[in-house]
Amino acid sequence: MTLHPLAPTDFRLLWDWMQDDPDCNLDDDSPVTVEGFCKILESRLDAGEIVTGIYEGGEPIGAIGYAPSTPDRGWLHGICFSPEAQGTGKAHVAFQHFLELREAEGVRLINAAFYVTNQRVSRFLSKSGFVPTDVRYGPVTQHGQPVDVQVMAYTPQE
Ligand SMILES: CC(C)(COP(=O)(O)OP(=O)(O)OC[C@H]1O[C@@H](n2cnc3c(N)ncnc32)[C@H](O)[C@@H]1OP(=O)(O)O)[C@@H](O)C(=O)NCCC(=O)NCCS
């Protein structure tokens with residue numbers, strides 16, 4: 001397994017993975033086409049975010065977005081693995097590696113925000129050492145209905 005920037009030619013694949021369970025990743029303000037999604041990814045990269053691709057045998061199996069706020073803190077900005085990779089433990093291995101890379105860069109706080117309905121990512125992040133810090137009540141809608149957002153935080157142990 002290797003981690004390196006997600007190739008632009010793999011952006012469409014990431015969009016396809018997200019369609020497996022759209023309510024995990026998308027709300028009513030999210031792009032509705034793959035073209036719109038690719039444009040947003042490009043603008044995020046222009047703004048200094050990183051989108052790490054996880055590759056196995058040269059094939060992409062997942063991606064992790066990260067938006068630095070300062071050199072030592074930032075926000076996760078999307079984590080998604082292929083339906084085939086989910087539930088295999090590969091996402092855990094990749095995410096540990098991703099966290100180690102951020103720590104080695106001097107990152108000391110990583111926040112994550114996700115729809116409260118996504119219990120799978122909640123458990124995934126908890127196992128990786130994230131703790132709940134906040135709930136935002138109804139900042140987004142899905143299918144016209146307000147959805148609460150859970151915030152969690154990770155601080156590397158010194
Ligand atoms: C979130 C994600 C990266 C987690 O990786 P994963 O390989 O699926 O992780 P796991 O299989 O270890 O599942 C995490 C936990 O959720 C549980 N789980 C699995 N499916 C679940 C479901 N439908 N509802 C509730 N819990 C679920 C698992 O049992 C596991 O809990 P446990 O470790 O206590 O047994 C992956 O599922 C994914 O890419 N999901 C789609 C995109 C997404 O939701 N991204 C987050 C939005 S920011």
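This tour moves through the model from its sheet to its core, its ligand and a few loop residues.

The model is predicted: local features need pLDDT of at least 70, side-chain atom pairs count only at pLDDT 80 or more, and totals for chains, interfaces and linings use all residues. Residues are numbered from 1 along each chain as its sequence is written.

**The sheet**

Begin by displaying the strands. Helices (H or I, at least four residues) and strands (E, at least two) are DSSP runs, numbered from the N terminus. Seven strands form an open sheet in the order β1-β2-β3-β4-β5-β7-β6, and their pairing is mixed. Two strands are said to pair if DSSP finds at least two bridges between them. The edge strands, each of which pairs on one side only, are β1 (2-5) and β6 (131-142). On average, neighbouring strands of this sheet are turned by 30° against each other, direction ignored. As background, strands of a sheet pair through backbone hydrogen bonds, either parallel or antiparallel.

Next, select β3 (59-70) together with β4 (73-81). These two strands, β3 and β4, form a hairpin with two residues between them. Seven bridges join β3 and β4 in the antiparallel sense. Within this pair, I64 stands opposite I79 in β4.

Now add β5 (residues 109-115). In which sense do β4 and β5 pair? The pairing of β4 and β5 is parallel, over three bridges. R73 has L109 in β5 as its bridge partner, and W75 stands opposite N111 in β5.

Then add β7 (residues 145-154), which runs antiparallel to β5 and is joined to it by six bridges. I110 stands opposite Y154 in β7.

Show the side chains of β5. A residue is buried if 20 or more other C-beta atoms lie within 10 Å of its own, exposed if 12 or fewer, and partly exposed in between, with C-beta atoms placed from the backbone. The side chains of β5 alternate: I110, A112 and F114 point to one face and are buried, whereas L109, N111, A113 and Y115 point to the other and are not.

**Helix α1 and the core**

Select helix α1 (residues 11-18), which packs on the sheet and touches β3 and β4. The direction of α1 makes about 75° with that of β4. Such axes are lines fitted to C-alpha atoms, for helices over the stretch in contact, and angles run from 0 to 180 degrees between N-to-C directions. Two residues are in contact if their C-beta atoms, placed from the backbone, lie within 7 Å.

Select L14 and look at its surroundings. L14 touches L6, A63 and C80, not counting residues up to four places away in sequence.

Which residues have the most contacts inside the largest nonpolar core? They are L14, A63, I64, C80 and A112, in a core of 27 residues. The elements that give two or more residues to this core are α1, β2 (50-56), β3, β4, α3 (90-104), β5 and α4. A nonpolar core is a set of buried Ala, Val, Leu, Ile, Met, Phe, Trp, Tyr and Cys residues joined through C-beta atoms within 7 Å.

**The ligand**

Centre the view on the ligand. It is surrounded by 18 residues, the closest being C24, F81, Q86, A91 and R123. A residue is near a molecule if its C-beta atom, placed from the backbone, lies within 6 Å of it. β4 and α4 (119-127) are the elements that give two or more residues to this shell. The most come from α4, with six residues.

**Three loop residues**

Select V107, in the loop between α3 and β5. V107 counts as buried because it has 20 C-beta neighbours inside 10 Å. V107 touches D72, R73, G74 and R102, not counting residues up to four places away in sequence. V107 and D28 are 32 Å apart in space, C-alpha to C-alpha, and 79 residues apart in sequence.

Move to V116, in the loop between β5 and α4. V116 counts as partly exposed because it has 13 C-beta neighbours inside 10 Å. V116 touches V135, D148, V149 and Q150, not counting residues up to four places away in sequence.

Finish at H143, in the loop between β6 and β7. Is H143 buried or exposed? H143 is exposed, because 8 other C-beta atoms lie within 10 Å. The phi angle of H143 is near 55°, a positive value in a residue other than glycine.
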